[in-house]
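Trainee: I am new to this structure and would like to understand the terms used to describe it. May I ask how each label is justified?

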Amino acid sequence: MRYGDHDVLDGVTFSVQRGEVLALLGPNGAGKTTTIEILEGFRERSAGEVTVLGTDPAHGDERWRARVGVVLQSWRDHGKWRVRELLAHQGRYYASYSTGTVRRPWDVDELIATVGLTAHADKRIRALSGGQRRRLDVAVGIVGRPEVLFLDEPTTGFDPEARREFHELVRRLSGREDTAILLTTHDLAEAEKLSDRIVILTGGRITADGTAEELARRIAGEYEVRWAVGGTRNTCTTAEPALFVHELYVRHGAAITDLQVRRPTLEDVYLSLVRRAESGPAPREVTG
Ligand SMILES: Nc1ncnc2c1ncn2[C@@H]1O[C@H](COP(=O)(O)OP(=O)(O)OP(=O)(O)O)[C@@H](O)[C@H]1O
């Protein structure tokens, strides 16, 4: 993808399977939204090959669009619509695209319950809170029972309970409904919890592609050991935490207090890989 003479995506190659949740991570401006907008058919790419449900999104017709669900970063419907009315209205569009295996649209009241809006079903959109509004965005995105779902920062503004319910919904969509889900998020704990695979974009290139465990192995030398001896606190990173702790005990014995060994979290892995990518010549690893 090129704007003028500036490449904002270069060599971005990946695939997502049915029932798979792929999280697209990366710093602001890395190209996440651009990538998913190309896949959604919202943005025309400058070059390269893209296939979604067997079709090039640049040429997707209504039938193709009916199989694709989209939750954008921000979206505004008229504030006068009521929640149930809007979803019923949007849902009608999908009715003629039902198939033998996928009945469209989602039953409105069931959908409203699924996204946790039952108590607000008769409210006007302008009366919803930010988080309730975001739940409605998700409902609008899935009302047609999509086979592929794009979620651009879906949980922004969610309280912890809404976030947990949303995570359950994503698992249900990928597990029971076999939906392929591509989501962008800046919440690394969310990415770790929800995704089968993670792709990290930096400066428009893929820096890493793998499961959270596979990415963790790439910075395997970075277990953090913290301990104190005689009131002095120490921190060290090591690839061999068991050996390190053994040597500490040989040296200090029972004088050691507050011993902690911490595995790298996805946040550590992410920050390490992004820093490496931003400081050196762009490393590229494309698998799958
Ligand atoms: N219409 C446009 N014209 C020119 N440049 C653009 C246009 N849209 C996006 N860009 C540039 O493309 C790059 C990628 O932007 P994009 O919105 O895809 O990033 P992102 O990873 O989604 O960021 P964020 O986390 O902030 O949402 C940025 O450098 C942005 O400035």
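Mentor: The exchange that follows sets values against definitions, beginning with the overall picture. This is a predicted model, in which local features need pLDDT of at least 70, side-chain atom pairs count only at pLDDT 80 or more, and totals for chains, interfaces and linings use all residues. Residues are numbered from 1 along each chain as its sequence is written.

Trainee: How many helices and strands does the chain have, and what makes a stretch count as one?

Mentor: The chain has 10 helices and 11 strands. Helices (H or I, at least four residues) and strands (E, at least two) are DSSP runs, numbered from the N terminus. The C-alpha trace spans about 75 × 50 × 35 Å along its principal axes.

Trainee: Which domains does the chain have, and how far apart are their centres?

Mentor: The assignment gives domain 1 (2–214) and domain 2 (221–263), with bounds taken from an automatic or database domain assignment. The C-alpha centres of domain 1 and domain 2 lie 44 Å apart.

Trainee: Why is K32 called buried?

Mentor: A residue is buried if 20 or more other C-beta atoms, placed from the backbone, lie within 10 Å of its own, exposed if 12 or fewer, and partly exposed in between. K32 has 26 C-beta neighbours inside 10 Å, and therefore counts as buried. Of the 288 residues in the chain, 35% are buried.

Trainee: What makes G130 exposed, and E165 partly exposed?

Mentor: G130, in helix α5, has 10 C-beta neighbours inside 10 Å and so counts as exposed. E165 belongs to helix α6 (residues 160–175); its 16 C-beta neighbours inside 10 Å make E165 partly exposed. E165 and V115 are 50 residues apart in sequence, yet their C-alpha atoms are 7.7 Å apart.

Trainee: Which residues does K32 touch, and what makes two residues a contact?

Mentor: Two residues are in contact if their C-beta atoms, placed from the backbone, lie within 7 Å. Leaving out residues up to four places away in sequence, K32 touches L24, G26, T184 and L201. K32 lies in helix α1, and its C-alpha atom is 9.1 Å from that of I200, 168 residues apart along the chain. Across the chain, residues 24 or more positions apart account for 69% of the contacts with a separation of 6 or more.

Trainee: Which residues lie around the ligand, and what puts a residue there?

Mentor: A residue is near the ligand if its C-beta atom, placed from the backbone, lies within 6 Å of it. The residues around the ligand are Y3, V8, G26, N28, G29, A30, G31, K32, T33 and T34. Helix α1 (residues 32–40) gives the largest share of this shell, 3 residues.

Trainee: How do those residues divide by kind?

Mentor: The shell has 3 nonpolar, 6 polar and 1 charged. Ala, Val, Leu, Ile, Met, Phe, Trp, Tyr, Cys and Pro count as nonpolar, Asp, Glu, Lys and Arg as charged, and the others, Gly among them, as polar.

Trainee: What makes a group of residues a nonpolar core, and how many residues has the largest one?

Mentor: A nonpolar core is a set of buried Ala, Val, Leu, Ile, Met, Phe, Trp, Tyr and Cys residues joined through C-beta atoms within 7 Å. The largest has 58 residues, and A23, L87, A139, I181 and I200 have the most contacts inside it. Helix α10 (residues 266–279) gives the most to this core, with 6 residues. I200 touches residues including Y270, L273 and V274.

Trainee: How do you know that the buried residues of helix α3 lie on the same side?

Mentor: The buried residues of helix α3 (residues 83–92) are V83, L86, L87 and G91. They cover an arc of only 130 degrees around the axis, so they lie on the same side of α3; the arc is that of the directions from the helix axis to the C-beta atoms. These buried residues pack against α4 (108–114) and α5 (130–142).

Trainee: What is notable about the backbone at L53 and at P105?

Mentor: Most residues other than glycine have a negative phi, and most peptide bonds are trans. L53 has a phi near 50 degrees, a positive value in a residue other than glycine. A cis peptide bond joins R104 and P105, with omega about -10 degrees; P105 sits in the loop between α3 and α4.
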